[in-house]
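Biologist: I would like a close look at a single part of this assembly, taken slowly and with the residues named. Here is the structure I have in mind.

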Amino acid sequence: MRIMKIKLLLFTFIFGLAISSCQELELQPKGILGEPELFGTAFGVQKYFVQLYMNLPIEDFIYYADQGYKPGNNNSWQAYKRSLAGMSGEIYGWNVNMFEAGVGYWPYDYIRIVNVFINNFPNYKDKYDVATYNSLMGEARFLRAFFYQGMAKRYGGVPIITEVQDPVTTSAEELQVSRASESDTWKFIYDDLKFAMENMSETSVSGRANKFVAAALMSRSMLYAGRIAKYTQYLGFDADEAMQGGFIGMDPSKANEFFQYAYDAGLFVETGPYALYTNNYPDKASNFANLFLDKSSSENLFVKGYDAITFGHCYDALMSPNPDFSSFIGAEGGPVLQHMQLYDFPSLIDEQGKPVRFDKRSDIKNDMEPRLQGTCYFDGDELRGKKFDIQRGIYVSYTGTAEDAQSGSNAAPINSAANRKLGNKGQKYNNVLITGNHGMFANKGGENNAFMGAFIRKYIDVNLPTNLVKVNKSSTSWIVFRLGEIYLNTAEAGYELGKRTEAFNYVEAIRERAGCKVTLPAIDQTVSNTYGYPIEAGLQFIRDERGRELYCENHYWWDLKTWRIADQVLNNRYHRALTCYYVFDEGKYIYLDEVNRNNRTVTAPKRAAYERIPQGEINKNPKLLPQNPLY
Amino acid sequence: MKNILYLILAVTLLSFAACQEIDNWDEPSARLFGNVIDEYTNHNLLMDNNDWQIRIIDRTWENNNPGTVAQFQPLAVMRDGVYNNSKLFSGIYDMLPYDGPFWPVDTVKGIILDKETQQNFTVKPYLQLTNFTATLDGTNLTLSCNVKAPIVTDLPNLYEVKGFLSLTTFCGNSNYINIGEYNNLRKSINKTWAAEVGAADSKDYTLGPFPVKSGYTYYVRIGANVNALSRRYNYTEIVKVVVP
Amino acid sequence: MSAKVTIGAIIDETNRPNSTSWSTMKTAWLMRPDAPFYANDNPEFLNGDASVLYVGRNILAEIDPEISGTNRSNTRRLNGTLQLNYNIPNIKGLSLKGSYDYAMELPDETRFKKSYNLFVYNPGTEEYTPVVINSPSSIERSASFNIDTDMQLGIHYNFNLGEHDVKSFLIFEEAYSSWDNFRAYRELLIDSEYLFAGEALNQEGTGGTPGDRVSQSLIGSLTYAYSGKYLVDFRFRYDGSSRFPQGKRWGFFPSVSAGWRISEESFMKDNVAVISNLKLRASYGEMGDDGSAANYPPVLGYGLTNSIGWMFGDAMNGGLRPQAIPNPNLTWYEIKMYNLGLDFGVFENKLSGSFELFRRDRTGLLATSSAVVPGTVGASLPQENLNADRNFGWELTLTYLNEFKGVNYYINPLISSTRSMRIEWLETPANNQFDHWRNRTSGRYNNIWWGNESEYMFTSLEEIRNHNLPMGQGATPGDWILNDWNEDGVINGNDEHPIATTGLPLFNYGINMGGSWKNFDLAVNFQGSYGVFVEYGEVLISPLSFGGNNSLSYFMDRWRPADPNADYFSTATEWIPGYYPVTGHDGRRTGTNLVQDASYIRLKTLELGYTLPKNLYSKSGIEDFRVYLSGYNLLTFTGLKDVDPERPGAAGGASTNTVDVYNYPVNKTFTIGASIKF
């Protein structure tokens with residue numbers, strides 16, 4: 001009996017212990033920070049802003065033309081198969097005609113994050129000196145504007161949200177916000193940026209915005225807005241519901257107001273500590289190439305940085321041929337001849353229309369604009385210890401004009417198998433290699449096969465050894481805003497405002513640095529009707545200057561779009577190829593202008609002027625109707 | 001006892017059947033069809049398959065589901081100007097031929113689609129293409145036709161005149177040999193009718209020569225468009241060209 | 001009173017080559033027969049010629065840890081258990097049981113990626129140019145610390161009194177687990193495989209988010225049986241989980257089952273002699289699940305994460321992400337199980353079997369309202385108990401045993417069928433009836449395979465040219481026509497409709513049979529499934545799918561011009577027909593052609609045995625000596641062409657993604673053996 005008691009005691013004792021060690025169901029989540037920790041200190045705010053900066057609508061190395069922004073996606077190796085440059089025909093890439101997709105960009109989650117800050121930050125005002133407080137508040141407005149312009153340039157008018165809505169307590173009705181007019185949307189962006197310019201600090205570390213960066217965004221956005229106001233009328237959308245509702249397009253009379261904003265913003269930027277990059281003078285070609293690699297460049301206003309550890313990109317792995325320059329799949333595209341010929345470019349034919357004879361393939365560069373040489377790699381150029389080696393084939397003999405080659409068509413008599421030798425890597429004709437080491441090979445697709453006769457040099461990191469040229473190992477910064485662009489924005493806005501001389505002074509500065517033959521061309525005011533609307537040759541020249549200076553910086557598509565000419569420029573547009581042949585009986589080289597071998601064309605549908613409002617969002621919120629035209 | 005067994009048997013059969021069918025929802029089965037008629041010729045409009053669509057808006061859905069706003073489904077129109085879709089749900093629809101090569105028309109409201117419903121539309125084409133000729137000289141094909149604008153006032157810019165070659169009986173902007181040698185032979189205009197044609201209401205255009213291959217059979221036509229919405233084409237009829 | 005303490009420790013270590021088995025398998029699939037493993041067949045130099053090897057990969061190097069490095073995983077598990085059992089005297093059948101278990105798991109991973117050279121031989125210069133693979137070498141180490149405790153306290157009471165038999169217990173259980181881990185990475189420039197030897201440049205040190213979780217339950221059971229005729233069982237669980245917010249943590253889940261052995265009733269016993277056993281079973285049970293709930297109920301705030309970063313100056317700054325806005329009502333989602341079963345046996349149980357009907361309804365499944373809340377709100381929405389689904393089906397098993405002229409044999413067929421559907425599902429509103437039918441699933445069966453129907457094959461250019469649907473300019477003989485289901489003159493997404501089921505088979509069945517005669521015994525097992533559809537990808541559906549790499553020979557049976565260089569579109573060209581379309585055209589890869597019926601029945605195992613007569617070895621102390629011959633996967637009957645029905649494909653069946661095809665093949669085995677008992 002007693003023993004039993006003891007046992008019972010013992011038992012209850014042991015499990016008494018166990019139970020006393022009993023867990024609470026209330027557990028503290030680990031690694032969660034609250035508002036006070038974040039908004040209370042400048043560092044906390046910076047940490048809070050990281051998610052916003054990272055998700056800014058920046059079309060850079062990892063932007064997918066058909067899938068949109070994928071920040072933090074560490075698997076961007078397909079980005080240059082589906083690049084904006086490829087889509088808009090600047091380079092000959094793998095997928096074209098991605099216009100139908102639209103990227104469904106709808107960043108209101110980040111806009112909410114900014115709005116939370118803008119609404120609650122005043123509660124922490126006493127923790128900061130006025131300057132810092134204002135600067136941070138300005139920064140938030142800059143970030144918000146950035147997200148909105150990312151939508152405005154796609155959709156026109158979008159819902160403008162400045163409050164933080166609570167989906168639990170708010171009625172479904174209230175949660176459904178309708179689109180603002182396109183002009184109100186751009187005006188909203190203007191107001192945010194104006195505030196930012198007035199309140200942000202003068203300086204900042206690279207990768208962080210300051211008042212001049214805000215001004216740069218102002219300059220670009222307002223230039224877009226001006227173009228949209230002025231040229232949307234020519235799209236033939238007048239009868240469209242969205243157009244009539246003002247959700248797309250603006251009253252042409254508003255154009256000058258926006259151009260003025262852009263112009264002033266440009267002047268504002270010039271008051272900052274920035275200058276065109278000239279460190280590598282006198283060699284203007286390598287100077288231009290370096291401007292995209294030198295992280296300390298005086299021309300950079302704002303860059304998006306990468307490191308090869310957490311967030312690297314794949315640009316190098318995708319733009320130069322494998323295996324000589326890349327340890328990954330290698331070149332996904334090359335520069336298109338139409339664009340090369342925008343620069344000072346050697347004539348490929350003589351007076352009789354015969355192909356010009358060159359002693360060396362690399363002689364093509366003798367008469368070429370340095371800026372182009374800094375933008376593309378041609379035969380003979382050196383990278384990572386190897387030389388580019390590009391040739392398509394051999395003509396046993398070439399008598400007659402360039403025309404006779406019929407853009408490379410096999411049907412042309414002169415291209416008979418007997419006279420034109422095409423081949424694969426290492427293949428020879430009378431002990432002369434038929435192709436170069438990097439193309440163009442007869443038996444391969446475009447990857448690593450210099451289909452366009454040259455490769456992209458802009459942004460290629462020459463310091464990366466070939467064995468490290470692979471997925472996510474590139475750490476070149478993407479330059480979001482540089483003074484060069486701002487000059488051209490100001491120039492175009494100025495010209496649209498009638499300030500022709502001022503405009504061309506900016507163009508001159510750019511062309512001076514580019515090493516063009518003629519730095520300040522005469523201002524030609526003859527009006528043409530190329531795009532179904534009147535445009536002065538002088539203005540066209542400035543537009544082309546953008547095409548030259550900003551080539552492959554993902555401006556071209558937005559320019560075509562906002563000039564309202566995308567559907568006309570990209571109307572069955574062929575990628576033409578610069579193609580080198582060795583003329584056997586002469587021992588000389590010729591360059592021909594050929595149609596890309598897959599006969600691929602780019603065609604932008606009319607509706608690409610605006611993207612489709614995401615259908616899923618319309619289903620959730622019918623107030624977003626009317627949909628943009630032709631969707 | 002017995003009943004229980006019967007019950008079980010019944011349930012078995014049910015679940016057996018249930019498991020076998022792929023989908024437990026009914027497929028759509030109502031048919032909507034009709035013609036798109038060219039007001040000038042009184043024949044069906046000449047076009048290419050699915051160049052443009054008729055928008056139908058399902059009002060029944062809207063009425064049965066408050067809070068939703070019905071959005072259009074596109075109905076493809078075929079080359080002979082006939083449209084037909086036999087997999088729709090019965091209901092009340094609004095219909096609008098949209099973004100076609102003709103002057104805008106009004107939405108036809110409240111069409112009741114039961115098992116089978118026919119609905120025709122009459123449209124005024126922007127352009128009429130007539131006197132189409134295709135002349136073959138060896139392996140060079142030349143196309144010509146007359147382009148007429150029945151209504152010139154407010155006519156959007158005349159945009160381009162383009163020859164279409166196809167290897168099948170389908171020929172037009174949705175089915176053609178899309179290569180540089182051919183596309184570059186189109187005539188790009190993008191001018192007002194007055195600027196391009198002047199006072200006259202029609203003008204002849206000749207395109208080519210198109211290099212064609214011997215041993216091939218082509219189906220060819222010319223299309224012309226004005227700068228309205230998606231710039232759909234008005235066409236000539238199709239001609240078969242056999243290259244010896 | 002008894003106490004028991006057990007302490008256990010397990011250490012297991014696995015070593016694998018650094019390359020994943022998947023990629024090695026793929027490399028093997030694409031290995032060209034004519035591609036040499038060694039450059040210029042010189043065993044000194046592994047071949048790395050990308051023009052013959054798939055992306056220049058050499059399988060010999062990949063499977064050799066000495067060359068490409070190793071993945072070593074080294075897991076230590078320690079656990080100690082204290083169990084106490086106390087039968088309370090005087091009260092028969094009353095006992096207290098308790099146990100406390102403490103387990104610690106410490107996985108320790110080493111990934112050593114070794115850089116190596118392959119070589120390309122240049123006949124001209126007779127040189128071997130090296131190609132560097134995997135450069136630079138790197139070492140990655142990671143360790144986790146997982147601790148679990150489990151405590152159970154129970155009181156048990158059983159008694160029986162004549163025909164009455166009662167069992168019952170009440171148990172309190174608590175389980176707690178916590179986890180944490182970190183990882184370090186360094187590049188190796190010197191020849192070593194240790195972290196300390198790595199370079200500081202590019203080194204990484206990261207940690208996963210640590211966490212912990214508690215669950216508590218009170219579990220009760222009361223079973224009552226009366227003279228083996230009636231059986232009633234009542235159970236309940238009262239569960240609490242730390243995954244849910246205050247006030248919503250606890251759920252009560254009862255279940256009850258009853259059985260009735262009708263055959264024991266006198267009216268059966270006496271009247272229906274044929275029936276030797278007849279039992280009716282029915283049960284209803286509720287269960288709670290928290291598996292898909294986030295580990296902690298959401299709280300206002302921002303979570304740190306490695307997946308967000310931005311360069312300010314020269315430093316990558318980590319960022320944070322907003323938590324979902326809290327949902328105070330988040331709680332258990334409920335499972336309701338309904339079962340109805342009948343067991344029977346007739347003719348002295350020669351023929352016996354059971355039939356089972358079941359249904360499982362789940363309600364309050366977790367999802368967010370993002371399907372209906374406009375995106376402009378921008379909030380990260382919390383999990384809510386929104387959706388409901390159902391699984392249902394039946395199973396039938398029969399067994400027939402008999403003896404015929406000294407042959408004992410048995411046949412045991414079984415078949416089962418299940419299906420699942422969504423009862424209620426929160427979805428974005430459709431915008432017309434067709435959209436609703438095409439894109440919505442609430443109230444609908446799961447696993448519907450949408451697609452076009454393949455109709456027939458073109459056999460001549462003439463036919464293509466005059467076909468009443470546009471086929472595009474590139475169409476050639478051998479191309480397939482898809483059915484214009486809605487007759488609108490265009491073949492597109494609107495012609496898609498349900499054509500098959502995805503996922504697991506609609507019916508699974510099998511037959512076990514066998515018998516014995518004298519000393520011989522035989523066992524045969526067939527298994528099969530009906531109503532299962534699969535889609536294959538990459539190498540199985542097209543030749544040369546990765547350029548000039550190895551391809552399956554059956555693609556040779558394809559449409560092609562008699563003269564390879566002939567112009568495909570010239571009316572003069574003469575064609576040779578085949579099963580597959582012209583290489584590069586995809587007629588066998590679209591519509592119903594792509595969806596293949598993988599129903600099959602297969603002789604899974606067959607075993608023939610002979611037991612040697614005892615007298616041969618009885619003296620040797622051997623009790624039993626049996627030799628046998630057995631085979632595995634001997635015979636397969638299926639409509640599937642060229643592929644094993646059990647191989648996972650790109651979609652349908654058991655597969656999860658397009659590349660499951662690169663796995664170890666299903667194999668056929670024969671065994672001869674003997675089993676000896678002493």
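How many bridges join strand β1 of chain A to β13(C), and do they run parallel or antiparallel? Please begin from that pairing and then set out the contact around it.

Modeller: Please keep in mind that this is a predicted model. Strand β1 of chain A, residues 32-33, is joined to β13(C) by two bridges, and the strands run antiparallel. Within that pairing, Ile32(A) has Gly303(C) of β13(C) as its bridge partner.

The pairing belongs to a contact to which chain C brings 75 residues and chain A brings 68 residues. The size of an interface is often given as the accessible area lost when the parts come together. For chain C and chain A that area is about 6,000 Å², and 68% of it lies on carbon and sulfur atoms. On the side of chain C, Tyr302(C), Trp310(C) and Thr376(C) supply 14% of the area buried against chain A, more than any other three residues.

As for the polar part of this contact, there are 14 residue pairs in polar contact between chain C and chain A, counting pairs with both residues at pLDDT 80 or more. Several elements of chain C give two or more residues to the side that touches chain A, among them β2 (70-87), β3 (94-113), β6 (137-161), β7 (164-188), β13 (302-312) and β14 (315-322). The strand you asked about, β13(C), gives the most to that side, with 10 residues. Sorted by class, the side of chain C that touches chain A holds 35 nonpolar, 30 polar and 10 charged residues.

Two salt bridges are found across the interface of chain C and chain A. One that can be named joins the side chains of Glu26(A) and Arg249(C), with a distance of 2.7 Å from N to O.

It also helps to see how strands pair within chain C itself. The strand β10(C) is joined by 11 bridges to β11(C), residues 250-261, and the two run antiparallel; in this pairing Tyr238(C) stands opposite Phe252(C). From β11(C), seven bridges lead on to β12(C), residues 275-289, again in an antiparallel arrangement, and there Ala258(C) stands opposite Ala282(C).

For a second view of chain A, consider its contact with chain B, which takes 26 residues from chain B and 25 residues from chain A. The area buried between these two chains is about 1,700 Å², with carbon and sulfur atoms giving 38% of it. In chain B, the residues that lose the most area to chain A are Gln71(B), Asn190(B) and Leu229(B), which together account for 28% of what that side buries. Between chain B and chain A there is one salt bridge, formed by Arg231(B) with Asp567(A), whose closest N and O atoms are 2.5 Å apart. The count of residue pairs in polar contact between chain B and chain A is 15, with both residues at pLDDT 80 or more. On the side of chain B that touches chain A, at least two residues each come from β11 (158-166), α3 (180-183) and β12 (187-191) of chain B, and by class the residues of that side divide into eight nonpolar, 10 polar and eight charged.

Methods:
Residues are numbered from 1 along each chain as its sequence is written. Chains are lettered from A and ligands numbered from 1 in the order in which they are written. This is a predicted model: local features need pLDDT of at least 70, side-chain atom pairs count only at pLDDT 80 or more; totals for chains, interfaces and linings use all residues. Side-chain values use heavy atoms; hydrogens and water are left out. Contact means heavy atoms within 4.5 Å. Buried area is the accessible area (1.4 Å probe) that two parts lose on being put together, summed over both. A salt bridge is a side-chain nitrogen of Lys or Arg within 4 Å of a carboxyl oxygen of Asp or Glu. A polar contact is a pair of N or O atoms within 3.5 Å; within protein, one must be able to donate a hydrogen and the other to accept it, and residues adjacent in sequence count only if both atoms are side-chain atoms. Helices (H or I, at least four residues) and strands (E, at least two) are DSSP runs, numbered from the N terminus. Ala, Val, Leu, Ile, Met, Phe, Trp, Tyr, Cys and Pro count as nonpolar, Asp, Glu, Lys and Arg as charged, and the others, Gly among them, as polar. Two strands pair if DSSP finds at least two bridges between them.
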